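Student: I would like a close look at one part of this model, the surroundings of the ligand. Please take me through that part and then outward from it.

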Amino acid sequence: MTATPDVDVLIVGSGPAGATYARTIGDAVPGARILMAEVGPRLPGRRGEHTHNLPRAERRAAELLTQGPDAGIERATALAGIAEGADPSMEFRQVVLPGLFFVDPRPVLADGEVGLPAASMASGVGGMGVHWAGGCPRPRQSERVPCIATGELDAALDHAEALLGVTAFGSDQGVAGALRKRMAEAFEGPGLPPVGFMPIAARWDGAELRFSGTGAILGDLEETAPGFELRAETLARRVVVEDGVATGAELEDRRTGEVSVVRARHVVVCADGLRTPQVLFASGVRPPALGRYLNDHLQMVSFVRLDDAFVGGEAAGIEGLGYVLIPFSDDRPIQGGVMSIANSPYGFGAGGRIDDRLGVVSWYGAKDLQRSDAVEFSETETDHYGMPRMSIRYSHTARDLETIEAMRGLSHRSAELVGTLAEEPALAAGGASLHYQGTVRMGATDDGRSVCDPDLKVWGVRNLYVGGNGVIPTATASNPTLTTVALAWRAATRIAAELGGDPRP
Ligand SMILES: Cc1cc2nc3c(=O)[nH]c(=O)nc-3n(C[C@H](O)[C@H](O)[C@H](O)COP(=O)(O)OP(=O)(O)OC[C@H]3O[C@@H](n4cnc5c(N)ncnc54)[C@H](O)[C@@H]3O)c2cc1C
């Protein structure tokens, strides 16, 4: 490095992963100079505020802003659309959700490929962490990262729950309680975990439910760490690597087109599961596993007309709201969810406009990992932002086809236990789960099957770190963001220690 760095840490991407790095380093080293570059714009409301907490008009405005190349294009909102009678399969199967844009809805598929036609992203301050549903189950058994000791991973998950403001919703009262008991009778057994409720990143503020995410993670960082700056509409075109050391990044101001190099002591790329490998590729950092082992949850979501026993939740009040969780286990590597939408935190958050006979059964299957499932980048073609164009290679193995049939059976069984299926269960289009994992996966050793070490430092490049769902190396069915935040927190404590902050607690 030739000159004094401009900042101590440059973070690319302002979603939950980038926010966790910023907050952790800022808390440990309040004098640190931390620059966060975010390609998308600032949104209405407080920085990083979950869009569900905004008044309706502001929420719509925020969603329109984060749609990248589709910014400004109006779409139906998910829950409001369902309540008003829109075709729900449109929302959960094929159509991009409000606030997001497709990677490539009409991929060119090679023989045997299924692609990820529903893969989508958000570009805006807060990333997807201002739109997400906040489901935060803990990873279990083989879902857990094997190269981190049990106690250490548990402590990181505890910390992530605190950062995200996770609440254990649900009690055995009312509709949610009745649904849980019915599911427990059917789906608990030897080797299978107890059926409970989905922990959700949301909290009660009096009688109001506030969803949390990126804003909650960042907290009051601008006040407590005055050297923190979030620069919106700023594209990280590439990380500058000199003699095996990351020394900064080339940033483009999207409003003026001006390009500048910011020098940094540490560079962290948290640009989501598909764009983090894109930034590394553009930087010439191309370990053999980059973009490979891509995996997205197999997803089957079906709507149900609930029986009388599961309708009318007034008696239990807000304490009775819940989303029943049938956890993943190695004996059944599929995670289930059952809810009466009106009696769930989501229905409550939508303002009580939901038909109380409307139920959802959802099943998420773990993908059979293959090296050939990958996001690849073009040397010559570019995307909307001028970054290397992505294409996705993705296929189902024989084991995936078995998992899909098991999910179909579970969808029928769970629906019949609580009501009548409104439609035949069908696999959602690939990419619909929005959980793109494996593309910058961690590993215990640099053996060509991973991109970063257990502290998320990229193999072979000093001072370069990654974060986000792409670092998760295992086949999971549980929603990944809790794990992502836990892993980013661990990595950030390492950087903080190098900057002279407290070592990892
Ligand atoms: C509707 C919805 C529901 C969801 N529900 C759940 C759930 O219940 N549970 C769960 O675990 N997960 C859920 N998710 C997924 C969750 O939001 C993501 O796992 C999480 O946001 C990932 O965090 P991240 O920081 O890695 O990436 P993101 O939140 O995607 O943030 C990445 C940021 O990087 C920016 N960026 C990309 N490239 C560049 C570049 N070159 N330069 C500068 N900036 C760049 C992007 O604009 C983006 O803002 C949901 C998502 C959505 C949209």
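How do the residues of the shell around the ligand divide into nonpolar, polar and charged?

Tutor: Keep in mind that this is a predicted model. The shell residues divide into 18 nonpolar, 16 polar and three charged. In total, 37 residues surround the ligand. The closest are Glu38, Met128, Gly135, Asn469 and Thr481.

Start with the backbone. Methionine 128 places a backbone N or O atom 2.8 Å from an oxygen atom of the ligand. Two other backbone approaches go to nitrogen. A backbone N or O atom of valine 39 lies 3.1 Å from a ligand nitrogen atom. For alanine 133, a backbone N or O atom lies 3.0 Å from a nitrogen atom of the ligand. Next comes coverage. On its own the ligand has 1000 Å² of accessible area, and the protein covers 95% of that. Which elements contribute? Those that give two or more residues to the shell are α1 (16–28), β10 (234–242) and α9 (275–282). The largest share, three residues, comes from β10.

Just before β10 sits glutamate 233, in the loop that joins β9 (228–231) to β10. Its phi is near 50°, a positive value in a residue other than glycine. Most residues other than glycine have a negative phi. Glutamate 233 has a relative accessible area of 26%, so this residue is partly exposed.

Now the core. The largest nonpolar core has 97 residues. Tyr21, Ile25, Val269, Leu280, Leu464 and Leu487 touch the most other members. Helix α12 (residues 481–498) gives this core its largest share, 10 residues. Apart from this core lies another, of 25 residues. Its members include Leu298, Ile326, Trp363 and Leu410.

Take tyrosine 21 in more detail. Neighbours within four places in sequence are left aside here. Among the contacts of tyrosine 21 are Ile11, Val268, Cys270 and Leu456. Its contacts also include Tyr465, Val466 and Gly467, as well as Ala488, Ala491, Ala492 and Ile495.

Asparagine 463 is in the loop between β19 (419–421) and β20 (464–466). Is asparagine 463 buried or exposed? Asparagine 463 counts as buried because its relative accessibility is 18%, under the 20% cut-off. Phi of asparagine 463 is near 70°, again a positive value in a residue other than glycine. A polar atom of the asparagine 463 side chain lies 3.1 Å from the backbone oxygen of arginine 265. Beyond four places in sequence, asparagine 463 is in contact with Val245, Ala246, Arg265, His266, Val267 and Lys457.

Further along, alanine 475 is found in the loop between β20 and α12. Alanine 475 is at 23% relative accessibility and therefore counts as partly exposed. With residues up to four places away not counted, alanine 475 touches Ser142, Glu143, Ala366, Lys367 and Leu369. Its C-alpha atom is separated by 18 Å from that of alanine 119, 356 residues apart along the chain.

One more loop residue remains. Proline 107 lies between β3 (101–102) and β4 (120–121). The relative accessible area of proline 107 is 24%, so proline 107 is partly exposed. Proline 107 and arginine 393 are 286 residues apart along the chain, and their C-alpha atoms are separated by 9.3 Å.

Technical notes
Residues are numbered from 1 along each chain as its sequence is written. This is a predicted model: local features need pLDDT of at least 70, side-chain atom pairs count only at pLDDT 80 or more; totals for chains, interfaces and linings use all residues. Side-chain values use heavy atoms; hydrogens and water are left out. A residue is near a molecule or strand if one of its heavy atoms lies within 4 Å of it. A polar contact is a pair of N or O atoms within 3.5 Å; within protein, one must be able to donate a hydrogen and the other to accept it, and residues adjacent in sequence count only if both atoms are side-chain atoms. Accessible areas come from the Shrake-Rupley method with a 1.4 Å probe; for residues, only the protein chains shown count as cover. Helices (H or I, at least four residues) and strands (E, at least two) are DSSP runs, numbered from the N terminus. Ala, Val, Leu, Ile, Met, Phe, Trp, Tyr, Cys and Pro count as nonpolar, Asp, Glu, Lys and Arg as charged, and the others, Gly among them, as polar. A nonpolar core is a set of buried Ala, Val, Leu, Ile, Met, Phe, Trp, Tyr and Cys residues joined through side-chain atoms within 4.5 Å. Buried means under 20% relative accessible area, exposed over 50%, partly exposed in between (1.4 Å probe, protein chains only). Contact means heavy atoms within 4.5 Å.
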